[in-house]
Number of protein chains: 2
Amino acid sequence: MTEATRRERLRAETEREIRRQARALLVEHGRDAVTLRAIAREVGITAPALYRYYDSREDLLRRLAEDICTDLAAKLDADLDGIDEDDVSAQVYAVCRGFRRWALAHPQEFTLVFASTEDTLPPCAPGEDRGQVGDQFGRVFLEVAGRLIAGHPLPDDLGDDDVPEELHADLAAFQKILLATVNDRGVELDEDVLPLGAVYHITQSWVRIYGHVALEVFGRFPFAVSNPEPMFDSMLAQILGGMGFPPRR
Amino acid sequence: MTEATRRERLRAETEREIRRQARALLVEHGRDAVTLRAIAREVGITAPALYRYYDSREDLLRRLAEDICTDLAAKLDADLDGIDEDDVSAQVYAVCRGFRRWALAHPQEFTLVFASTEDTLPPCAPGEDRGQVGDQFGRVFLEVAGRLIAGHPLPDDLGDDDVPEELHADLAAFQKILLATVNDRGVELDEDVLPLGAVYHITQSWVRIYGHVALEVFGRFPFAVSNPEPMFDSMLAQILGGMGFPPRR
DNA sequence: TCAACTACGTAAACACCGTTCACTGACCAG
DNA sequence: CTGGTCAGTGAACGGTGTTTACGTAGTTGA
């Protein structure tokens, strides 16, 4: 049944175990604790053996970051499954809240994926510079955002007028990515319902959502926020309201 | 003239040199390169000698973060000096742009101060939990924000109505800090001109400014932004516009 | 079946790292 | 001058990433 040879199966098994243990070390003791020797110890091999799987510790951390993105996307996708397909507003709430809760529950992973300079964690393939924000995660997030707009008439003040000239080209490229992402899931959608102004608004929303989550994870709000959740929710409500959605719970 | 003894002067001199070299290592080669041995090598002493000045490497990094905050505040203050005292809007632009440019020019320092979990960089004095955001920096930033509102009639939609119930207590505390900070600089100001809604708006503005800067530093915008500056400026314009300021260059 | 080849894992070594310890020697107060 | 304080030292311990040479089990072709 299994096409793979014995050696290939063992290798795949070991590789999974390596990442599993590395991930555990990251979550429980932070990035600095993700040591080649510590991983090897947990897996039951010696440190140099890890070089049969990764070029360096940096390379391993990079792969780890990819895994984290994939898992986060899967988790958000799962959260989305339990929600009415037609209630896009609820979907936005679910994805954003899910992202925030995940970040707060896994600050080390959040830091690695969303708050590392390319200096300390160079991009995987230097050649291909596709969508940033860890690919998989971005897909889920942007898909919901795109779908949100697909089935909703946008308010007039979301026209392309407020968009700075210099951003038109970049936003147009992003617009194409958004449309492609949404259409990949079967929803038909063309440029007319997703004007540059809307794309710009989505970007601004990401700035606010990311900003809030990062500030909370790093404890850098200008004052002690004893209960940040309603603050996050009210921000979401305001974002959705700005796109013409009626206020909801 | 100098009250200090010879030994005390030498010690102070060495301490300055230690931080200077540590800072240089951080800026040029990143946090991981800030090694006790590397610092000692640059200063011309041995690594164990550093323990006469700091409890541990962690402690040193903490002090370094404080220095960075102080210097950033001084830099922003200096930028502010060249600007018309009555043009608060221009002051906001200056401080925000200055913050962004500094962050982009010193990503390692930005990461240390504004994107470190308390896990990897525990707060200095565990007892006193004053204003977050590195004290000094917060002062400059919040002072301008407070002053902005002091001399300007706020639009009606900045009332306290939109503020979530659960945040009233926290915001009231922050309101007092803001008023105290602004009044420290001589500007008279009382609660009436700085309602909770305005305080809330300031906090939301910080979320957006921080979010944009961090996304730019970490390269986590959902698409490649070839020219982020107009995007930042347009965000500032929108923030100021939301507070009733006329659009300006 | 057996030889040749591949590749996973090893131990040893190198140069670093943070940190501790016992110790020296310059400074300084009395 | 005497005695104490303290910046700085060298040696050491256990840790790190990484390279090297080597054994050996798995695979493959004749």
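So, the surface near DNA strand C: its residues divide into eight nonpolar, five polar and eight charged. Please keep in mind that everything I show today comes from a predicted model. In total, 21 residues surround DNA strand C, and the closest of them are B:Thr5, B:Arg6, B:Leu36, B:Arg37 and B:Pro48. Which helices supply this surface with at least two residues each? From chain B we have helix H1 (6–29), helix H2 (36–43) and helix H3 (57–81), and chain A joins in with its own helix H1 (6–29).

Now turn to the other strand. Around DNA strand D there are 20 residues, and those that come nearest are A:Thr5, A:Arg6, A:Leu36, A:Arg37 and A:Pro48. Here H1, helix H2 (36–43) and helix H3 (57–81) of chain A, along with H1 of chain B, give two or more residues each. H2(A) gives the most to the surface near DNA strand D, with three residues. By residue type, the surface near DNA strand D has eight nonpolar, five polar and seven charged residues.

Let's move on to how the two chains are related. A turn of 180 degrees, with a shift of 0.0 Å along the axis, lays chain B on chain A with an RMSD of 0.0 Å. That is the relation of a two-fold axis. And where in chain B is the C-alpha nearest the axis? It belongs to B:Gly211, at 1.8 Å from the axis.

Next, the contact between the chains. On each side there are 48 residues: 48 of chain B are in contact with 48 of chain A. On the chain B side, the elements giving two or more residues are helix H5 (107–114), helix H6 (136–150), helix H7 (168–184), H8 and helix H9 (228–242). H8(B) gives the most to that side, with 12 residues. The side of chain B that touches chain A divides into 25 nonpolar, 16 polar and seven charged residues. Since 100% of the interface residues of chain B are also interface residues in chain A, the copies meet through the same surface.

Let me finish with H8 of chain B, residues 196–218. Is H8(B) mostly covered or mostly open? Mostly covered: 21 of its 23 residues are buried. We can also check its length: at 1.5 Å a residue, the 23 residues should span 33 Å, and the end C-alpha atoms are 32 Å apart, which agrees. Just after H8(B) comes B:Gly219, with a positive phi of about 60 degrees. Thanks, everyone, and I'm happy to go back to any view.

Definitions and conventions
Residues numbered from 1 in each chain as written. Chains lettered and ligands numbered in written order. Predicted model: local features only at pLDDT ≥ 70, side-chain atom pairs only at ≥ 80, totals over all residues. Near = placed C-beta within 6 Å. Helix = DSSP H or I, 4+ residues; strand = E, 2+ residues; numbered from the N terminus. Nonpolar A, V, L, I, M, F, W, Y, C, P; charged D, E, K, R; others polar. Least-squares fit on C-alpha atoms with pLDDT ≥ 70 in both. Contact = placed C-beta atoms within 7 Å. Expected span 1.5 Å × (residues − 1). Buried ≥ 20, exposed ≤ 12 C-beta atoms within 10 Å, placed from the backbone.
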